[in-house]
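Subject: Structure handover

Hello,

The structure we discussed is below. My notes on it follow.

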Amino acid sequence: MDLAVDLRSVTKVYGSGAARVTALADLSFSFPAGSFTAVMGPSGSGKSTLLQCAAGLDRPDSGQVMLTDVDLATLNEDQLTLLRRERIGFVFQAFNLISALTAAQNVRLPLLLGGRTPSDAEVDWALTSVGLAERAAHRPGELSGGQQQRVAIARALITKPDVLFADEPTGALDTSSGREVLELLRGVVDQHHRTVIMVTHDPVAASYADVVMFLADGRVVDVMRDPAADRIATRMTNLERR
Ligand SMILES: Nc1ncnc2c1ncn2[C@@H]1O[C@H](COP(=O)(O)OP(=O)(O)OP(=O)(O)O)[C@@H](O)[C@H]1O
């Protein structure tokens, strides 16, 4: 089985002395290529830290983070930046689009930053894959929240990344726009054969994934395959009561 991301005994500690917090405690987890994983857990359980370490935005204190065949610890900061730009896509709760640029210009940005001029066909492909080709000339302020998030997904897809990390991608959306975004993320896996790793608090959002990993105190405490929203909600309630 090909792995998109493999976390091997990853430990991340913040602070020292009385303020010392172990955000990730000897955590191991494999994310298969072409899978959709939801990361859940109570507040402070280490979800954001896991995303940051897996995406090469932060370095663990010990353990290994493998992105396909690359051990991130072997890369210097410039190499990490390059790897993130070329092989990783990000989608955030707050969309993080540039308001002065049109949808098409936002989508072009990752390739421009990489020193490559995107063709119109590439931009059109990315916007078409999120159903927004006809909105190419619109600025974020002229789009709904759901449409802005779809532009953010198009921006993440244009580099054809190995892994797309999504941090609460539906957190700022109403139910029906949220559902459209989740269906798109599902399509990123099923149609584009990419890997999606999504942090969410929402059991319905997590039910779109193939697997839900549950974190508590920086450890994986449960893994649920073929998850259903009601079972996820029950599991979360039990974790929060611990
Ligand atoms: N930069 C930091 N400095 C000190 N402690 C930190 C830092 N970042 C995170 N922590 C601590 O590490 C632990 C894990 O934090 P993390 O943000 O990964 O949790 P989370 O599961 O994403 O939480 P939430 O759902 O509230 O966003 C928490 O106890 C947090 O207070």
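For the class counts used next, Ala, Val, Leu, Ile, Met, Phe, Trp, Tyr, Cys and Pro are taken as nonpolar, Asp, Glu, Lys and Arg as charged, and everything else, Gly among them, as polar. Please keep in mind throughout that the model is predicted.

Ligand shell

On that scheme, the shell around the ligand holds three nonpolar, eight polar and one charged residues. Its members are Y14, G15, V21, A23, G41, S43, G44, S45, G46, K47, S48 and T49. Two elements, β2 (21-32) and α1 (47-54), give two or more residues to this shell. The largest share, three residues, comes from α1.

The open sheet

Strands β2, β1, β4 and β5 form an open sheet of four, in the order β2-β1-β4-β5 and with antiparallel pairing. Its edges are β2 and β5 (70-71), each of which pairs on one side only. Helix α1 packs on this sheet and touches β1, β2 and β4, with its direction at about 120 degrees to that of β1.

Between β1 and β2 the antiparallel pairing runs over eight bridges. One of the residues involved is V13, whose bridge partner in β2 is T22. The hairpin made by β1 and β2 has six residues between the strands, and G15 there takes a positive phi near 70 degrees. G15 is also one of the residues around the ligand.

On the other side of the sheet, β4 (residues 62-67) and β5 pair in the antiparallel sense over two bridges. Here L67 has V70 of β5 as its bridge partner.

V10 belongs to strand β1 (residues 3-14). Is V10 buried or exposed? V10 is buried, because 25 other C-beta atoms lie within 10 Å, and 20 or more are enough for that label. Leaving aside residues up to four places away in sequence, V10 touches L24, L27, C53, P60, G63 and V65. The C-alpha atoms of V10 and D61 are separated by 7.5 Å, although these residues are 51 apart along the chain.

Strand β3 and its neighbours

Strand β3 (residues 36-40) is largely enclosed by the rest of the structure, because five of its five residues are buried. Both faces are covered: F36, A38 and M40 are buried on one side, T37 and V39 on the other.

Which strands pair with β3? Strand β8 (residues 195-199) pairs with β3 in the parallel sense over four bridges, and β9 (residues 211-216) also runs parallel to β3, joined by four bridges. In β8, V196 is the bridge partner of F36. In β9, F214 is the bridge partner of M40.

Nonpolar core

The largest nonpolar core has 65 residues, and A154 and L185 touch the most other members. Apart from residues up to four places away in sequence, L185 touches F36, A166, P169, V196, M198 and Y208. Two of these contacts, F36 and V196, are the bridge partners mentioned above for β3 and β8. As background, nonpolar side chains tend to be buried together in soluble globular proteins.

Helix α3

Helix α3 (residues 103-113) has A103, A104, N106, V107, R108, P110 and L111 as its buried residues. Their cover includes α2 (77-87), α4 (120-129) and α5 (145-157). After α3 comes G115, with a positive phi near 85 degrees.

Backbone points to check

Most residues other than glycine have a negative phi. Two residues here are listed for a positive value.

E168 has a phi near 50 degrees, and is not a glycine. E168 sits in the loop between β7 (163-167) and α6 (175-190). With 19 other C-beta atoms within 10 Å, E168 is partly exposed, because the buried class begins at 20.

H193, also not a glycine, has a positive phi of about 55 degrees. Its place is the loop between α6 and β8. H193 counts as exposed, because it has 10 C-beta neighbours inside 10 Å and the limit for that class is 12 or fewer.

Regards

Definitions and conventions:
Residues numbered from 1 in each chain as written. Predicted model: local features only at pLDDT ≥ 70, side-chain atom pairs only at ≥ 80, totals over all residues. Core = buried A, V, L, I, M, F, W, Y, C linked by C-beta atoms within 7 Å. Contact = placed C-beta atoms within 7 Å. Near = placed C-beta within 6 Å. Pairing = 2+ DSSP bridges. Axes fitted to C-alpha atoms, helices over the stretch in contact; angles between N-to-C directions.
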